[in-house]
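Trainee: I've got the sequence and the model open. Can we go through a few strands together?

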Amino acid sequence: MIMMPSWRMPGSDGRTWTSAELKGSTYIMYFYPKDQTPGCTIQACEFRDSLARLQAAGVKVFGVSPDSLASHHKFAAKEKLTFPLLTDNDHSLATKLAVWAEKSLYGRTFPGIERTTFLVGPEGTIIGEWRKVKVAGHVAEVISAATGLTVPPPAVAQVPPTPSV
């Protein structure tokens with residue numbers, strides 16, 4: 001198994017988190033491109049809504065992006081996120097994990113975060129890895145792997161049919 005590289009990053013909760021202090025804990029570390037964008041908001045809110053189940057299984061959750069702490073604070077407050085968002089503003093951990101990658105959009109290439117999730121075991125080994133994540137259904141899949149439970153995907157609101165006149 002591959003070891004999670006050592007890391008130290010400031011969090012939206014006012015703490016500086018380190019890999020060393022998480023030895024003995026299982027945690028999910030998901031990398032996302034940017035605060036307050038549609039896909040990132042859906043992913044963060046799905047982790048937020050599943051946090052009680054994860055905590056009951058002894059699993060911590062951390063979101064990571066290169067955004068500033070000020071941006072993380074605003075995002076966490078707006079979406080009522082109850083887990084830390086960590087700032088990897090120099091891309092050091094993202095680079096070590098090959099998450100900082102060349103991306104393309106509308107024919108333009110640029111460096112950025114490739115949406116990726118890691119499940120890290122108590123010994124600091126990466127026990128689960130999801131790359132090039134598509135948001136739909138992803139959180140349920142990670143929770144299932146982290147807790148050994150089958151988690152139904154979030155319910156989608158149904159629009160009632162329009163009555164015919």
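**Strands and a loop**

Mentor: Sure, and keep in mind that this is a predicted model. To start us off, β8 and strand β9 (residues 126–130) pair in the antiparallel sense, with four bridges between them.

Trainee: Which residue of β9 is the bridge partner of Phe118?

Mentor: Phe118 sits in β8, and β8 pairs with β9. Look across to β9 and you'll find the partner of Phe118, Glu129.

Trainee: What do β8 and β9 form, and which residue in the turn has a positive phi?

Mentor: The two strands make a hairpin, with five residues between them. In that turn, the residue with a positive phi of about 90° is Gly124.

Trainee: How many bridges join β3 to β8?

Mentor: These two strands also run antiparallel. One pair to look for is Met29 with its partner in β8, Phe118. The number of bridges joining β3 to β8 is five.

Trainee: Are the residues of β8 buried or exposed?

Mentor: In a regular strand, side chains alternate between the two faces of the sheet. Here Thr116, Phe118 and Val120 point one way, while Thr117 and Leu119 point the other way. Whichever way they point, all of them are buried.

Trainee: And Ser19, is that buried or exposed?

Mentor: Ser19 is in the loop between β2 (16–18) and β3 (26–31). Beyond its neighbours within four places in sequence, Ser19 is in contact with Pro5, Ser6, Trp7 and Tyr27. Its relative accessible area is 14%, and the cut-off is under 20%, so Ser19 counts as buried.

Conventions:
Residues numbered from 1 in each chain as written. Predicted model: local features only at pLDDT ≥ 70, side-chain atom pairs only at ≥ 80, totals over all residues. Heavy atoms only, no water. Buried < 20%, exposed > 50% of the residue type's maximum accessible area, 1.4 Å probe, protein only. Contact = heavy atoms within 4.5 Å. Pairing = 2+ DSSP bridges.
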